[in-house]
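Colleague: I am new to this structure and would be grateful for a close look at one part of it, the largest pocket. Please then set that part beside the rest of the chain.

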Amino acid sequence: MRIRPSDRDRFDRMRRVEWMDMESVQLRRCLMVGAGALGNEVLKCLVLSGFRDITVVDMDEIVPSNLSRCLFFREEDVGRAPKAQVLAERASSLDSAVTIRPVVSRIQDAEDWDFDIVLGCLDNISARLHVNSHARYHGAPYVDGATDGLSGKVHTVLRDGPCLQCAMNRSHMKVLERRYTCTGREATLYSRPLAAEITTTSVVAAMEVREALKIASGREDLCVREVMYYDGMSGSIEKVELDVDPGCPNHGDREAIA
Ligand SMILES: [Zn+2]
């Protein structure tokens, strides 16, 4: 079989994207919080996109209800090992150059925050706000994803933009609830098992990793600064603009945030 020179380069097609900087992507240190459905899809996209230094934090074990949405989990994994460990093992097989470190822990107990990009794949608001404030304090952009049935949300928190907590102040919440009567509240309050399926999970995960690729390529100027709401029934994405909330404790003096 004759192989063209361009086909010998694993990332040739990605290098053809004008703004993509593969050398920079390969050097970025990523923290992925959550190893469930979103985590499986996000990690797949991260590794295939060329990220090579990834830490995965999750404390849960695999249960049968995970198997309809998790590419890297198998029936024999139920009760065998923590999600983070299985995910790291399996996703590592996609690229021999990737290092994936599993951390079996609550994110609230994690001490290392020395990362270039943080990706949120969480299902509850308290963990989200914890990651949001710590990523901001340590200067790492945070890409947060959420799903609810066939709806999803992606919010990219950049160093100079509004954070997740900004989106929760009273006036912003009123706007969100008015415009998203079915999912507005759930966009920030995840305390019960929600409807979930793989197609919406895949879309939201891909949207998250695309923003991470822009950041890793040094092109934060290309990031979507609004909160993106995906509606899988209509196939639409609507963007809601937010401002930094002057009362949000996550902005300004680093000492005050700590
Ligand atoms: Zn804020």
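Modeller: The element that gives the most to the lining of the largest pocket is H5, with three residues; helices (H or I, at least four residues) and strands (E, at least two) are DSSP runs, numbered from the N terminus. This is a predicted model, in which local features need pLDDT of at least 70 and side-chain atom pairs count only at pLDDT 80 or more, whereas totals for chains, interfaces and linings use all residues. Residues are numbered from 1 along each chain as its sequence is written, and side-chain values use heavy atoms, with hydrogens and water left out.

The volume of the largest pocket is about 800 Å³. On a 1 Å grid over the protein atoms alone, a pocket is an open set of points with protein on both sides within 12 Å along at least five of seven lines, a cavity is a set where a 1.4 Å probe fits but cannot get out, and lining residues have an atom within 4 Å of a point. Points are joined across faces, edges and corners, and a volume is the space filled by probe spheres set on them. The largest pocket has 36 lining residues, and those closest to its centre are Asp-60, Lys-83, Cys-121, Leu-122 and Asp-123. Two or more residues of the lining come from each of helix H3 (37-49), helix H5 (125-137) and strand E5 (142-148). By class, the lining holds 17 nonpolar, eleven polar and eight charged residues; Ala, Val, Leu, Ile, Met, Phe, Trp, Tyr, Cys and Pro count as nonpolar, Asp, Glu, Lys and Arg as charged, and the others, Gly among them, as polar.

Enclosed space is a separate matter. There are two cavities of 30 Å³ or more, and the second largest of them contains about 40 Å³ of space. Around the second largest cavity stand His-155, Thr-156, Leu-158, Gly-161, Pro-162 and Arg-225. This lining divides into two nonpolar, three polar and one charged residues.

The chain also carries a zinc ion, coordinated by the SG atoms of Cys-163, Cys-166 and Cys-248 and by NE2 of His-251, at 2.1 to 2.3 Å. Donors here are N, O and S atoms within 2.8 Å of the metal (3.2 Å for Na, K and Ca), and sites may look incomplete because water is not among the atoms. Along the chain, the donors follow the spacing C-x2-C-x81-C-x2-H. Cys-166 lies in the loop between strand E6 (151-157) and helix H6 (170-179), and Cys-248 in the loop between strand E8 (236-240) and helix H8 (254-257), so this pair ties together parts that are 82 residues apart in sequence. The arrangement is tetrahedral because the four donor atoms subtend angles of 88 to 125 degrees around the zinc ion, the condition being that all angles lie between 85 and 135 degrees. Cys-166 is buried, at 0% relative accessibility, and Cys-248 is buried as well, with 6%; buried means under 20% relative accessible area, exposed over 50% and partly exposed in between (1.4 Å probe, protein chains only).

The nonpolar interior completes the picture. A nonpolar core is a set of buried Ala, Val, Leu, Ile, Met, Phe, Trp, Tyr and Cys residues joined through side-chain atoms within 4.5 Å. The largest one has 49 residues, and Leu-43, Phe-51 and Ile-54 have the most contacts inside it. Among the elements that give two or more residues to this core are helix H2 (22-27), strand E1 (29-33), H3, strand E2 (53-57), helix H7 (198-216) and strand E7 (227-231). H7 gives the most, with eight residues.

Several residues show how distant stretches of the chain meet. Glu-208 is found in helix H7 and is buried at 0% relative accessibility; its C-alpha atom is separated by 9.4 Å from that of Lys-153, 55 residues apart along the chain. Ser-24, in helix H2, counts as buried at 15% and is 7.8 Å from Gly-218, C-alpha to C-alpha, with the two positions 194 residues apart in sequence numbering. Leu-31 lies in strand E1 and is buried, at 1%. Gly-232, by contrast, is found in the loop between E7 and E8 and counts as partly exposed at 25% relative accessibility.

Conventions: Four donors count as tetrahedral if all angles lie between 85 and 135 degrees; four count as square planar and six as octahedral if opposite donors are over 155 degrees apart and all others between 65 and 115; anything else is irregular.
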